Amino acid sequence: MGFFKRMKDKMTNSSTEMTDKFKTGLEKTRDSFSGKLNSLVARYRTVDEDFFEELEEILIMADIGVNTVMELIEELKEEVKLRNIKETSALYEVISEKLVAIYEEAGETKTELNINNEGLNVILFVGVNGVGKTTTIGKLAHKLKAEGKSVMLAAGDTFRAGAIEQLEVWGERVGVPVVKQKEGSDPASVIYDALQAAKTRHVDVLICDTAGRLQNKVNLMSELSKVRRVIEREVPHAPQEVLQVIDATTGQNGLQQAKVFGEATDVTGIVLTKLDGTAKGGIALAIRRELKVPVKFVGLGEQLNDLQVFDSNLFVYGLFGDMIDAEKAE
C-alpha cells in the first residue's frame with residue numbers, strides 16, 4: 001500500500017474539523033512548497049543529481065533546516081536506489097513519508113500535556129516577546145476549561161509594559177482568575193502568590209507567564225531558575241510542563257531562540273504560533289530534529305479554538321493535502 005493511501009486511511013479516522021484546520025492553516029506553506037515541487041517534477045522527468053540539487057534548495061526554503069535537509073536528501077537517494085525509482089513523480093510519496101519519519105524518529109512523540117487528574121498541575125510558559133505567548137496562554141486556558149478543568153493564570157511577566165493587563169484581558173475573556181502584582185515586581189514572588197492561591201482554591205491547572213526578555217542570557221537563566229525553584233519547592237513534581245512559544249514566521253531565528261531557552265530551563269514542549277501566516281512551516285520539523293523536543297501545539301488561526309494539538313500525519317497532510325485528496329477520489 002502506498003504512503004498516500006495509508007495517509008488517506010488515517011485522515012478517515014481523524015475528525016474533519018482537524019484535517020481541515022491543518023490543511024487551511026498550512027495553505028501558505030503548501031502553496032509554496034507543493035508549487036515549487038510540482039514545477040521541479042515537471043522540468044525533470046527522470047531522477048538525477050541536478051534534480052536532487054534543486055529539491056535540496058526547495059526543502060531549505062521551506063525552513064526544514066540545512067542539516068535535516070542534507071540527511072533527507074541522502075535518505076531519498078538511498079530510497080531511489082532501493083526501490084529502483086526512475087520517474088520524479090514517484091518521489092512525492094517518498095518525500096512525504098520521510099517527512100513523517102523525521103518527526104517520529106527524533107524520539108518521544110507524545111503531544112498530550114502531562115496533566116495529572118489529582119492535585120495541582122503547573123504549566124510554565126517561556127519565550128521571547130512578540131511570539132504570541134500571552135495569546136497562547138489564553139487559548140490554552142480556554143481549551144483546558146472546555147475539557148472541564150479549573151484554571152488559574154499567573155502574571156509572571158512583570159517587566160514588559162502592558163503584559164499584566166494583556167493577561168488580565170485574556171483571563172476575563174475565557175473566564176479564569178489571574179494572580180498579579182504591580183509592574184516591575186519580582187516574578188518569583190508573583191508565582192509564589194499564584195501557587196498559594198491555586199492550592200487554596202483546589203485549582204487543577206496553574207498556567208504561569210514569564211518574562212520574554214531580560215538584559216542578557218545570564219539574567220534570563222537566573223530569573224527562570226528562580227521561578228522554577230519556587231514552583232518545585234511549593235508543588236511536588238511540578239512544573240509538569242515547560243512550554244516554549246515560538247513564532248513560526250521567524251524561521252531559523254525561532255530555532256536559535258529555542259536553543260537559548262533550552263539552556264535556561266528544561267523545555268518539555270514547543271508551541272509553534274502563526275503557522276498559518278508563513279510559507280516556511282517546515283520549521284516544525286527542524287525544531288523536532290535538532291532539539292529533540294516535541295511540538296505539542298500549533299497556532300493555525302486567530303480564533304480561540306485554533307490552538308491545535310500537533311500531529312505529524314496531519315502536518316504532512318497539510319503539506320500534501322491536494323495529492324492525498326486526489327488519492328481519495330480514485
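Tutor: Let's start with a term: a crossing is right-handed if the near helix is turned clockwise from the far one by less than a right angle, and left-handed if anticlockwise. In this predicted model, helix α7 passes helix α8 in a right-handed crossing.

Student: What makes α7 roughly parallel to α8?

Tutor: Look at the angle. The axes of α7 (residues 133-146) and α8 (residues 163-174) cross at roughly 20 degrees and come within 9 Å. Angles under 35 degrees count as roughly parallel, so α7 is roughly parallel to α8.

Student: Why do you give both an angle and a distance?

Tutor: Because two packed helices are described by the angle between their axes and the distance between the axes.

Student: While we're on α8, why is G171 called buried?

Tutor: G171 is found in helix α8. The cut-off for buried is under 20% relative accessible area, and G171 has 3%, so G171 is buried.

Student: How far apart are G171 and G184?

Tutor: In sequence they are 13 residues apart, and in space 20 Å, C-alpha to C-alpha.

Student: Over to helix α5. How do you know that E79 and R83 form a salt bridge?

Tutor: The rule asks for a side-chain nitrogen of Lys or Arg within 4 Å of a carboxyl oxygen of Asp or Glu. For E79 and R83 the N to O distance is 2.7 Å, so by that rule the pair counts as a salt bridge. Both residues lie in α5, four residues apart, about one turn of the helix.

Student: And what makes E79 and K98 a salt bridge?

Tutor: Same kind of check: their closest N and O atoms are 3.6 Å apart, and the limit is 4 Å. This pair links distant parts of the chain, with E79 in α5 and K98 in helix α6 (residues 91-104), 19 residues apart. E79 and K98 also belong to a network of salt bridges, together with E75, R83 and E97.

Student: Why are E79 and K98 called buried, and why is R83 called partly exposed?

Tutor: Buried means under 20%. E79 is at 14%, so E79 counts as buried, and K98 is at 17%, so K98 counts as buried as well. R83 has 41%, which falls between 20% and 50%, so R83 is partly exposed.

Student: How many salt bridges are there by this rule?

Tutor: The count comes to 19. One of them joins D247 and K274, with the closest N and O atoms 3.2 Å apart. D247 sits in strand β5 (residues 241-247) and K274 in the loop between β6 and α12, 27 residues apart. At 7%, D247 counts as buried, whereas K274, at 33%, is partly exposed.

Student: What is the phi of K274?

Tutor: Phi of K274 is near 60 degrees, a positive value in a residue other than glycine. H237 is not a glycine either, and its phi is positive too, about 65 degrees. H237 lies in the loop between α10 and β5.

Student: Why is H237 called exposed?

Tutor: Exposed means over 50%, and H237 has 76%, so H237 is exposed. P239 is also in the loop between α10 and β5.

Student: What makes the peptide bond from A238 to P239 cis?

Tutor: Its omega is near 0 degrees.

Student: Last one: why is M70 called partly exposed?

Tutor: M70 is at 40%, between the two cut-offs of 20% and 50%, so M70 counts as partly exposed. M70 is in α5, and with I60 and V66 it makes a nonpolar surface patch of about 230 Å².

Notes. Residues numbered from 1 in each chain as written. Predicted model: local features only at pLDDT ≥ 70, side-chain atom pairs only at ≥ 80, totals over all residues. Heavy atoms only, no water. Patch = residues over 30% accessible without salt bridge, like charges linked within 9 Å, V, L, I, M, F, W, Y side chains within 5 Å. Areas by Shrake-Rupley, 256 points an atom, 1.4 Å probe, with all protein chains shown as cover. Helix = DSSP H or I, 4+ residues; strand = E, 2+ residues; numbered from the N terminus. Buried < 20%, exposed > 50% of the residue type's maximum accessible area, 1.4 Å probe, protein only. Axes fitted to C-alpha atoms, helices over the stretch in contact; angles between N-to-C directions. Parallel < 35°, antiparallel > 145°, perpendicular 65-115°, else oblique.
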